[in-house]
Amino acid sequence: MGGPAAVDTGGGQGYAHLIDMSRPWYKNRRLLALNGWLALLLITSSTNGYDGSMMNGLQSLDQWRAAFNYPSGGMLGLLNAIQTASHSVGMFIGARFMIGFGLTFAAAAAPVLITEVAFPSQRGPATSLYNSLWFLGSIIAAWTTFGTFNIPSSWSWRIPSALQATPSVAQLCLIWFVPESPRWLCSKGREAEALNTLAYYHANGDAEDPLVEYEFEEIKAAIKFDREVAANVGWMSLIRTPGNRKRLRIMVAIAIFSQWSGNNLISYYMNKVLSGIGITDGDTQLLINGILNIFNFVIAILAGLLCDKIGRRPLFIASTIGMFVFWTLQTACFALYSEKGNVAAGHTFIAMIFLFYAFYDIAFTPLIVSYTVEILPFALRAKGFTVFNFALTLSLIFNQYINPIALDAIGWKYYLVYVCWLAFEAGFVYIYVIETKNRTLEETAALFDGDETAARLAEDAAKRAGVSDHISEKDKGSATEIEELRI
């Protein structure tokens with residue numbers, strides 16, 4: 001949990017002066033190779049996105065509903081992966097369980113590895129792209145099911161099912177060549193390998209490059225500190241210190257918010273929602289689903305790429321307030337259509353869906369994974385991310401069982417529950433989410449553990465890396481400036 005080696009009152013990176021700016025990254029062969037490996041890891045999210053959107057699309061296919069006896073919304077909540085050869089409900093569920101089981105491991109490891117091997121100045125956007133690329137898979141699935149809609153046989157749903165295997169096959173063949181995390185290597189005493197990995201990808205093989213030395217020493221200092229203060233890092237470490245309790249509170253909250261903001265009511269039960277406002281044609285439902293996924297993808301990618309310029313906190317605040325406003329308007333439109341048959345209100349409801357998702361996408365698509373892994377120290381990163389995924393999954397299961405039942409039972413009035421909940425989300429984010437942009441992982445983790453610890457570890461790492469001359473006395477000792485940056 002090393003602290004910032006330089007405290008810049010302008011909010012810039014402490015390592016910025018160590019980065020070679022003589023040529024852009026896309027002209028650096030080693031960085032291109034590194035980003036290629038990151039792209040391989042990023043498609044894990046696309047696989048998950050494909051699955052969710054495909055299930056949404058299959059619900060509009062008469063051939064699929066007939067093949068599986070028109071399964072209910074509660075049953076659909078159990079379906080986590082898919083198999084093309086299924087001929088019965090039992091085989092279908094069993095195949096989805098097996099693939100979903102494997103996806104759980106991949107989804108837990110991929111974003112952590114991306115965060116720990118990415119080039120420092122690209123870490124924020126790269127990790128933010130992980131969750132944003134969910135929509136790439138979702139787009140492919142939505143338009144695939146739209147394209148196979150009119151096939152008068154079971155191949156209308158078997159073709160989308162078969163395509164789901166493509167990214168997994170690519171990962172299985174290439175994962176053996178992806179670089180290991182330097183932080184993990186250091187934690188296992190394999191420091192020479194860690195240094196070689198950093199040097200090869202971050203400095204064209206130069207182990208004496210100032211940036212590589214800085215990263216390497218900061219990683220070692222953070223791991224040493226972790227071992228000093230917590231020789232046995234277990235699950236209880238997540239609640240043992242005030243800093244860790246702050247982390248746990250934030251990451252569990254954003255995991256729940258990402259699923260309980262009303263978004264899953266739309267994404268997993270689009271056909272029910274659209275049918276509720278009079279759009280019952282399967283072709284039209286699939287078309288709306290496909291266009292919405294393209295819209296979501298564009299917004300999420302732009303927000304992810306701009307996260308280091310705008311900042312995490314402003315994006316989260318804008319997201320929750322915008323969702324509250326447009327969900328409230330959705331509720332009003334749904335009520336007008338349901339109670340008075342107002343067709344114009346039904347059409348406006350569709351526009352409100354797009355605007356609601358625009359604000360959801362600027363934070364809760366690109367940032368929930370990247371923010372979670374960057375606020376955790378190395379020793380707790382895997383455990384903390386597991387807790388995040390567990391909280392997210394519990395929230396998702398609750399939604400998939402409760403949403404269709406509540407929507408059928410009380411209709412538009414169920415939307416009022418989310419109006420109140422979104423107001424709570426906005427207040428929580430404003431109070432607790434802190435800014436973390438433009439920092440290394442060790443610098444970000446130190447924000448939660450006190451200024452004195454941050455300053456001590458920062459100076460130690462900088463001295464070992466031989467870059468302490470770049471740090472002013474004011475920067476080393478000013479707790480006030482650190483607090484200003486935190487705010």
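**Exercise 1.** In this predicted model, find how far apart Glu-217 and Lys-220 are along helix H11, and state whether the two are buried or exposed.

*Solution.* Step 1: Glu-217 and Lys-220 both belong to helix H11 and are 3 residues apart, so about one helical turn separates them. Step 2: their side chains form a salt bridge, with the closest N and O atoms 3.5 Å apart; the cut-off for such a pair is 4 Å. Step 3: both residues are buried.

**Exercise 2.** Which parts of the chain does the salt bridge between Arg-381 and Glu-116 tie together?

*Solution.* Step 1: the side chains of Arg-381 and Glu-116 meet at 2.7 Å, N to O. Step 2: Arg-381 lies in helix H21 (residues 378–410) and Glu-116 in helix H4, so the pair links parts that are 265 residues apart in sequence. Step 3: residues under 20% relative accessible area count as buried. Arg-381, at 1%, is therefore buried, and so is Glu-116, at 5%.

**Exercise 3.** Classify the accessibility of the salt-bridge partners Arg-190 and Glu-193.

*Solution.* Step 1: the side chains of Arg-190 and Glu-193 meet at 2.9 Å, N to O. Step 2: partly exposed residues fall between the 20% and 50% limits. Arg-190 has a relative accessible area of 34% and is therefore partly exposed; Glu-193, at 39%, is partly exposed.

**Exercise 4.** How many salt bridges are there, and which residues are linked in a network?

*Solution.* Step 1: the count comes to 7 salt bridges. Step 2: the network links Arg-123, Asp-308, Arg-312 and Glu-374.

**Exercise 5.** Describe the largest cavity and its lining.

*Solution.* Step 1: a search of the whole structure gives 5 cavities of 30 Å³ or more, and the largest has a volume of about 120 Å³. Step 2: its lining has 14 residues; Pro-120, Arg-183, Glu-215, Thr-440 and Glu-442 lie nearest the centre. Step 3: by type, the lining divides into 5 nonpolar, 3 polar and 6 charged residues. Step 4: helices H4, H10, H11 and H23 each supply at least two lining residues, with the largest share, 3 residues, coming from H11.

**Exercise 6.** Which helix gives the largest share of the nonpolar surface patch?

*Solution.* Step 1: the patch, about 480 Å², is made by Trp-143, Leu-287, Ile-291, Ile-294, Val-298 and Leu-302. Step 2: helix H16 (residues 282–305) gives the largest share, 5 residues. Step 3: Ile-294, in helix H16, is partly exposed at 37% relative accessible area. Step 4: Asp-283 also lies in helix H16 and is partly exposed, at 30%. The C-alpha atom of Asp-283 is 9.1 Å from that of Asn-150, 133 residues away along the chain.

Methods
Residues are numbered from 1 along each chain as its sequence is written. This is a predicted model: local features need pLDDT of at least 70, side-chain atom pairs count only at pLDDT 80 or more; totals for chains, interfaces and linings use all residues. Side-chain values use heavy atoms; hydrogens and water are left out. On a 1 Å grid over the protein atoms alone, a cavity is a set of points where a 1.4 Å probe fits but cannot get out, and a pocket is an open set with protein on both sides within 12 Å along at least five of seven lines; lining residues have an atom within 4 Å of a point. Grid points are joined across faces, edges and corners, and a volume is the space filled by probe spheres set on the points. Helices (H or I, at least four residues) and strands (E, at least two) are DSSP runs, numbered from the N terminus. Ala, Val, Leu, Ile, Met, Phe, Trp, Tyr, Cys and Pro count as nonpolar, Asp, Glu, Lys and Arg as charged, and the others, Gly among them, as polar. Patches are made of residues with over 30% relative accessible area and no salt bridge: like charges are joined within 9 Å, nonpolar side chains (Val, Leu, Ile, Met, Phe, Trp, Tyr) within 5 Å. Accessible areas come from the Shrake-Rupley method with a 1.4 Å probe; for residues, only the protein chains shown count as cover. Buried means under 20% relative accessible area, exposed over 50%, partly exposed in between (1.4 Å probe, protein chains only).
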